[in-house]
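Colleague: Could you take me closely through one part of this model, the packing of a pair of helices, and then through the individual residues whose surroundings help to place that pair in the fold?

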Amino acid sequence: MAEQKKIAFLVDTEGIEQVELTEPWQHVEKAGALPRLLAPKLGQVQAFDHLTPADTFDVDVPFAHADPMDYDGVVIPGGVANADFLRMDHDAVRFVKQHVAAGKPIASICHGPWLLVEADVVRGKRLTSFPSLATDIRNAGGQWEDAEVRVDAGAGWTLVTSRKPDDLPAFNREALKAFGLQDI
């Protein structure tokens, strides 16, 4: 029997757009994979419904102890504060760089691509995001597109991106494909 795939969800301690964490998480679980919550430190993280505090979630692994080789894919939820804090976390940036260098798939939604920009992994790639990131993505050498979902793939890598919570059905479908999972 094949080993269960593990998907890392990268978040900061607060500011995560809850639906962009919980919906992909549920799809990953239903597809038979093991989602794991990675953050700067153990404890709980605070999710938000836009600017209103929502639920808290337990962290499985702190970034400093996370090995990208242990994971088959990465999801980076949005949330303005979440993404802004993440891109300043050296261990999160390192994790993304190593994950991409290993040719493993990443799915990022809304403001999540800020972490990809900081990790310098968007150069030459086509992606989408919340529209306010378009200039940052272009300045980092990426090609920004206004699309519900954008899948860009090359030799050994796949990048799935979407703009906002309304795009979650397409995002979840394409992320699962990139991770080699079946949507149920």
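Modeller: I will begin at the far end of the pair, where helix 6 is followed by Gly-180, a residue whose phi is positive, near 75°. Please keep in mind throughout that this is a predicted model. Helix 1 is likewise followed by a glycine of this kind, since just after that helix Gly-32 takes a positive phi of about 90°.

The two helices themselves, helix 1 with residues 18-30 and helix 6 with residues 168-178, pack with their axes 10 Å apart and at an angle of about 45°. Helix 1 and helix 6 are therefore oblique to each other, and helix 1 passes helix 6 in a right-handed crossing. On the side of helix 1 the contact is made by Val-19, Glu-20, Glu-23, Pro-24, His-27 and Val-28, and on the side of helix 6 by Leu-168, Phe-171, Asn-172 and Leu-176. By character, the residues of this contact divide into six nonpolar, two polar and two charged.

Taken alone, helix 1 has 13 residues and reaches 18 Å from its first C-alpha to its last, which is close to the 18 Å expected at 1.5 Å a residue. Its buried residues are Gln-18, Glu-20, Leu-21, Thr-22, Pro-24 and Val-28. In helix 6 the buried residues are Leu-168, Ala-170, Phe-171, Asn-172, Glu-174, Ala-175 and Leu-176, and they pack against helix 1 as well as against strand 7 (73-76), strand 8, strand 11 (149-154) and strand 12 (157-162).

Strand 11, one of those partners, is the place of Arg-150. This arginine is buried, with a relative accessible area of 13%, and, leaving aside its neighbours within four places in sequence, Arg-150 is in contact with Arg-126, Leu-127, Thr-128, Glu-145, Leu-159, Val-160 and Thr-161. The C-alpha atoms of Arg-150 and Gln-44 are separated by 31 Å, with the two positions 106 residues apart along the chain when counted as their sequence separation.

Gln-44 leads on to Asp-58, which is in contact with Leu-37, Gly-43 and Gln-44 once neighbours within four places in sequence are left aside. Asp-58 belongs to strand 5, residues 52-58, and at 54% relative accessibility this aspartate counts as exposed. Its C-alpha atom is separated by 9.7 Å from that of Arg-36, a residue 22 places apart from Asp-58 along the chain.

On the other side of the pair, Leu-21 of helix 1, which is buried, is also one of the residues touched by Val-11. Val-11 is found in the loop between strand 1 (6-10) and strand 2 (14-17), and at 0% relative accessibility it counts as buried. Not counting residues up to four places away in sequence, Val-11 touches Ile-16, Leu-21, Leu-37, Leu-38, Ala-39, Pro-40, Val-45, Phe-63, Pro-77, Asn-82 and Leu-86. Val-11 and Leu-86 are 75 residues apart in sequence, and their C-alpha atoms are 6.8 Å apart in space.

Leu-86 itself lies in helix 2, residues 80-86, and it too counts as buried, at 0% relative accessibility. Leaving aside its neighbours within four places in sequence, Leu-86 is in contact with Leu-10, Val-11, Asp-12, Phe-63, Ile-76, Ala-92, Val-93 and Leu-115. Leu-42, by contrast, is 44 residues apart from Leu-86 in sequence and 15 Å apart in space, C-alpha to C-alpha.

Two backbone details around helix 4 complete the account. Most residues other than glycine have a negative phi. Cys-110 nevertheless has a positive phi, near 65°, and its place is in the loop between strand 8 (106-109) and helix 4 (113-118). Cys-110 is buried, with a relative accessible area of 7%. Asp-120 is a further residue other than glycine with a positive phi, near 55°, and it lies in the loop between helix 4 and strand 9 (126-127). With a relative accessible area of 45%, Asp-120 is partly exposed.

Conventions: Residues numbered from 1 in each chain as written. Predicted model: local features only at pLDDT ≥ 70, side-chain atom pairs only at ≥ 80, totals over all residues. Heavy atoms only, no water. Axes fitted to C-alpha atoms, helices over the stretch in contact; angles between N-to-C directions. Helix = DSSP H or I, 4+ residues; strand = E, 2+ residues; numbered from the N terminus. Parallel < 35°, antiparallel > 145°, perpendicular 65-115°, else oblique. Left-handed = near helix turned anticlockwise from the far one by under 90°. Contact = heavy atoms within 4.5 Å. Nonpolar A, V, L, I, M, F, W, Y, C, P; charged D, E, K, R; others polar. Expected span 1.5 Å × (residues − 1). Buried < 20%, exposed > 50% of the residue type's maximum accessible area, 1.4 Å probe, protein only.
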